[in-house]
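I open this notebook to keep track of what I look up, one strand and one pocket at a time. The entries follow the order in which I checked things.

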Amino acid sequence: MKGPGVFLAQFMGDSAPFDTLASAAKWMADAGYRGVQIPTSDARCIDLRRAAESQDYCDELAGVCREAGVEITELSTHLQGQLVAVHPAYDTAFDAFAPPELRGKPDERQGWAVEQVKLGAIASRRLGLKAQAAFPGALAWPFLYPWPQRPAGLVEEAFAELGRRWRPILDHFEEQGVDVCFELHPGEDLHDGITFERFLDAVDGHPRANILYDPSHFVLQAMDYLQFIDIYRDRIRMFHVKDAEFNPTGRSGVYGGFQSWVDRPGRFRSLGDGQVDFGAIFSKLTQYGYDGWAVLEWECCLKHPEDGAREGAPFIAAHMIRRAERAFDDFAGGDSDAQTNRKLLGLTR
């Protein structure tokens with residue numbers, strides 16, 4: 001496992017030092033990070049089309065980060081991926097993710113989103129990256145809670161359509177040698193293991209359809225986020241290190257009562273301030289040979305982002321596990337061969 005890394009999306013803004021990639025990367029390097037995950041929807045960080053078209057530009061981007069003291073961990077196309085599939089109920093809200101000239105034009109917006117995600121694959125390949133983050137979008141999410149009851153076949157058709165939209169994108173990623181890692185997330189049709197499996201069925205188990213593992217979203221769903229690793233370890237290719245807490249009461253639970261983040265029973269927190277057992281998570285991922293980055297995604301309802309970032313790098317570093325190269329009891333072992341083993345079993349004398 002590599003790290004600490006940090007996702008820049010929640011930090012970029014119009015004020016220094018987070019107004020350019022160079023200064024943001026330098027700030028993060030000084031805070032102890034070794035890598036930065038880049039949001040491709042933020043022009044302050046990257047010109048995605050240019051990155052897909054120019055190896056020189058990609059080399060320049062990598063050089064800017066290297067000079068600052070970090071490397072690029074992955075590219076993120078979360079917002080563009082969201083627009084690959086949008087239920088009309090969310091058209092107005094999600095228009096903000098698209099260029100102004102495409103707002104109010106859902107078909108054109110979707111075409112732009114598909115192209116953007118594909119450009120990300122080419123840029124990732126040029127940058128020597130193995131995986132790219134994305135949201136899958138959502139068609140069935142408005143029907144999550146079945147009242148009135150869902151008509152037969154509704155969910156099946158939603159996932160079939162998701163498969164039809166994503167299959168050619170996944171094939172493009174296969175051509176580029178890059179994985180799409182979906183962040184399983186409430187608000188997305190892919191938000192837990194069952195829905196990820198439905199999607200896999202819809203794309204015939206495509207090898208490029210993989211998972212960005214973020215335990216915070218499973219805490220807020222009251223899921224077993226450790227068993228999730230046991231089940232889906234072969235598909236986990238990215239890791240967001242994000243904390244959360246879930247404290248249901250007699251007044252509110254998983255759905256949160258339409259309250260603000262600070263008042264919900266389920267809240268995102270800075271690393272170490274929530275309930276996630278990161279010691280167990282890092283142990284499981286190390287056990288299963290996860291070799292990607294451990295990347296902080298800061299989303300806390302209380303703490304200032306710069307404080308959360310400064311605390312996050314040493315937190316991740318303290319949880320990194322260097323894999324043992326020999327067993328702890330090797331010192332007590334003797335010679336081993338077939339004859340000795342049979343003798344120990346009492347099969348020869």
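Before sorting any lining by class, I note that Ala, Val, Leu, Ile, Met, Phe, Trp, Tyr, Cys and Pro count as nonpolar, that Asp, Glu, Lys and Arg count as charged, and that the others, Gly among them, count as polar. I also note that this is a predicted model.

Entry on the pocket. I looked up the largest pocket and found that about 960 Å³ of space lies in it. It is lined by 26 residues, and those closest to its centre are Trp141, Leu144, Pro186, Val254 and Tyr255. With the classes above, I read the lining of the largest pocket as 14 nonpolar, ten polar and two charged residues.

Entry on strand S2. Is S2, which spans residues 35-39, mostly covered or mostly open? I found S2 mostly covered, with five of its five residues buried, where buried means under 20% relative accessible area. In a regular strand the side chains alternate between the two faces of the sheet. In S2, I see Gly35, Gln37 and Pro39 pointing one way and Val36 and Ile38 pointing the other way, and all of them are buried.

Entry on the partners of S2. Strand S1 (residues 2-7) pairs with S2 in the parallel sense over three bridges, and here Phe7 stands opposite Gln37 of S2. Strand S3 (residues 71-77) also runs parallel to S2, joined to it by four bridges, and in S3 I find Ile72 as the bridge partner of Val36.

Entry on the connection. I traced S1, helix H1 (residues 21-31) and S2, and together they make a right-handed β-α-β unit.

Terms used
Residues numbered from 1 in each chain as written. Predicted model: local features only at pLDDT ≥ 70, side-chain atom pairs only at ≥ 80, totals over all residues. Heavy atoms only, no water. Buried < 20%, exposed > 50% of the residue type's maximum accessible area, 1.4 Å probe, protein only. Helix = DSSP H or I, 4+ residues; strand = E, 2+ residues; numbered from the N terminus. Pairing = 2+ DSSP bridges. Right-handed = clockwise from strand over helix to strand, strands pointing away. 1 Å grid on protein atoms, 1.4 Å probe; cavity = no way out; pocket = protein on both sides within 12 Å on 5 of 7 lines; lining within 4 Å. Points joined across faces, edges and corners; volume = space filled by probe spheres on them.
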